[in-house]
Number of protein chains: 2
Amino acid sequence: MAKPVLVEISARHVHVTEKDLETLFGSGYKLKNKKDLSQPGQFASEERVDVVGSKNKLANVSILGPVRTATQVEISATDARSIGIAAPIRESGHISGSGACKLVGPCGEVELAEGVIVAKRHIHMTPEDAEMYSIKDNQIVSVALNTAERSLVFGDVVARVNPNFKLAMHIDTDEANAASVPGSCIGEILD
Amino acid sequence: MAKPVLVEISARHVHVTEKDLETLFGSGYKLKNKKDLSQPGQFASEERVDVVGSKNKLANVSILGPVRTATQVEISATDARSIGIAAPIRESGHISGSGACKLVGPCGEVELAEGVIVAKRHIHMTPEDAEMYSIKDNQIVSVALNTAERSLVFGDVVARVNPNFKLAMHIDTDEANAASVPGSCIGEILD
């Protein structure tokens with residue numbers, strides 16, 4: 001059975017706790033929804049911060065909402081090298097011992113001892129998608145992208161199954177460029 | 001038969017004509033060999049130039065020697081986007097209608113109407129390598145990289161056969177980051 005999946009590019013972004021949001025933007029501050037994302041309830045906010053590493057900074061990085069229980073910065077390996085951060089490849093939420101940085105907002109700064117990761121490529125699926133595709137939560141799969149000029153097959157793609165998700169694969173900008181993905185594309189999950 | 005190939009990362013770089021070298025560094029200037037590269041006769045020079053796009057610049061980009069018959073800039077798609085250049089994916093030397101930029105050296109500037117490319121991933125082979133691997137010049141092959149965390153199979157890899165080459169696959173920094181290649185690695189050409 002063919003197992004198509006929408007492949008979306010996840011650009012560098014930041015998730016913040018309510019506490020860190022208040023430090024960066026002021027007491028009582030709330031994120032403003034600029035644009036809904038493909039995953040239900042998630043949105044790109046109007047707010048942006050600078051991510052500062054040991055060598056340089058990434059200016060005006062988008063904060064995604066809603067607020068979370070841990071502040072997390074997701075950048076590409078190219079970004080990490082360019083600003084001087086040792087960021088490991090991790091699943092979202094697995095930030096123990098990950099990279100350090102400073103976040104700078106209009107009202108204050110937050111020093112993160114950990115939280116900077118290069119996101120492990122992954123597929124969001126509902127339990128229904130997972131059953132239809134015969135894939136289990138946390139299963140590692142491969143996904144073929146038949147793009148022009150730079151077709152490839154991504155291995156080490158982790159499937160994440162949750163009723164709050166919507167079927168989509170997320171790759172970072174390095175991965176998108178390596179496959180020459182034009183905005184988004186349809187990939188094929190391989191058996 | 002197993003068909004291993006050394007995979008090397010080709011960082012952003014510039015090739016220059018003798019004329020453009022003189023414009024950038026002064027009359028009669030010669031490139032200084034800083035380090036030999038894997039391909040016979042090719043070297044990283046001491047000289048560096050700024051590559052200027054419509055939005056920003058890449059500072060201190062390495063010039064590779066020896067001088068060539070056409071000036072060519074090879075950058076990643078990440079680089080191209082960051083400095084505002086529309087650079088197509090091309091084989092080296094195929095620069096007709098490719099991206100424009102300005103090169104800035106210590107003694108002068110060169111406006112390039114074309115010459116900026118994102119290099120098509122490729123394998124350098126001698127005729128003996130090609131015969132042993134049953135691959136022809138310009139054949140498109142796939143190469144598997146069994147790296148930790150980000151294994152993948154690159155499609156659309158062009159084989160280039162020339163007696164002056166040495167067996168090696170070249171990928172750019174986006175591709176290396178998408179595969180999490182640690183400096184270099186051994187890939188496997190697939191049938």
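**View 1. The residue just after helix α1 of chain B in this predicted model.** Immediately following α1(B), B:Gly26 adopts a positive phi of about 115°. The helix that precedes B:Gly26 covers residues 18-25 of chain B, and its buried residues are B:Asp20, B:Leu21, B:Leu24 and B:Phe25. Viewed down the axis of α1(B), these buried residues fall within an arc of 110°, so they line one face of the helix. The cover over the buried residues of α1(B) includes four strands of chain B, namely β4 (43-52), β5 (57-65), β8 (99-104) and β9 (109-119).

**View 2. Helix α1 of chain A and the strands that cover its buried residues.** In chain A, helix α1 runs over residues 18-25, with A:Asp20, A:Leu21, A:Leu24 and A:Phe25 buried. Looking down the axis of α1(A), one finds the buried residues within an arc of 110°, so they line one face of the helix. Among the elements that cover them are β4 (43-52), β5 (57-65), β8 (99-104) and β9 (109-119) of chain A. Just beyond the end of α1(A), A:Gly26 has a positive phi of about 115°.

**View 3. B:Thr78 in helix α2 of chain B, with its contacts in chains A and B.** B:Thr78 belongs to helix α2, which comprises residues 77-83 of chain B. Its relative accessibility is 19%, and because buried means under 20%, B:Thr78 counts as buried. When neighbours within four places in sequence are set aside, the contacts of B:Thr78 are with A:Thr78, A:Asp174 and A:Asn177 from chain A and with B:Asp174 from chain B. For a sense of distance within chain B, B:Thr78 and B:Phe165 are separated by 87 residues in sequence and by 28 Å in space, C-alpha to C-alpha.

**View 4. Chain A as the setting for the close-up of its helix α1.** The secondary structure of chain A consists of four helices and 14 strands. Its radius of gyration is 17 Å, close to the 16 Å given by the globule rule for 191 residues, so chain A is as compact as a globular protein of that length. The C-alpha trace of chain A spans about 55 × 35 × 30 Å along its principal axes, and buried residues account for 52% of the 191 residues. Of the contacts in chain A between residues at least 6 apart in sequence, 67% join residues at least 24 apart. Chain A exposes about 8,700 Å², of which carbon and sulfur atoms supply 51%, and it carries 20 positive and 25 negative side chains, the centres of the two sets lying 4 Å apart.

Note on methods:
Residues are numbered from 1 along each chain as its sequence is written. Chains are lettered from A and ligands numbered from 1 in the order in which they are written. This is a predicted model: local features need pLDDT of at least 70, side-chain atom pairs count only at pLDDT 80 or more; totals for chains, interfaces and linings use all residues. Side-chain values use heavy atoms; hydrogens and water are left out. Helices (H or I, at least four residues) and strands (E, at least two) are DSSP runs, numbered from the N terminus. The radius of gyration is taken over C-alpha atoms; the globule rule is 2.2 Å times the number of residues to the power 0.38. Buried means under 20% relative accessible area, exposed over 50%, partly exposed in between (1.4 Å probe, protein chains only). Contact means heavy atoms within 4.5 Å. Accessible areas come from the Shrake-Rupley method with a 1.4 Å probe; for residues, only the protein chains shown count as cover. Lys and Arg count as positive and Asp and Glu as negative; His and the chain ends are not counted. The place of a charge is taken as NZ of Lys, CZ of Arg, CG of Asp or CD of Glu. The arc is that of the directions from the helix axis to the C-beta atoms.
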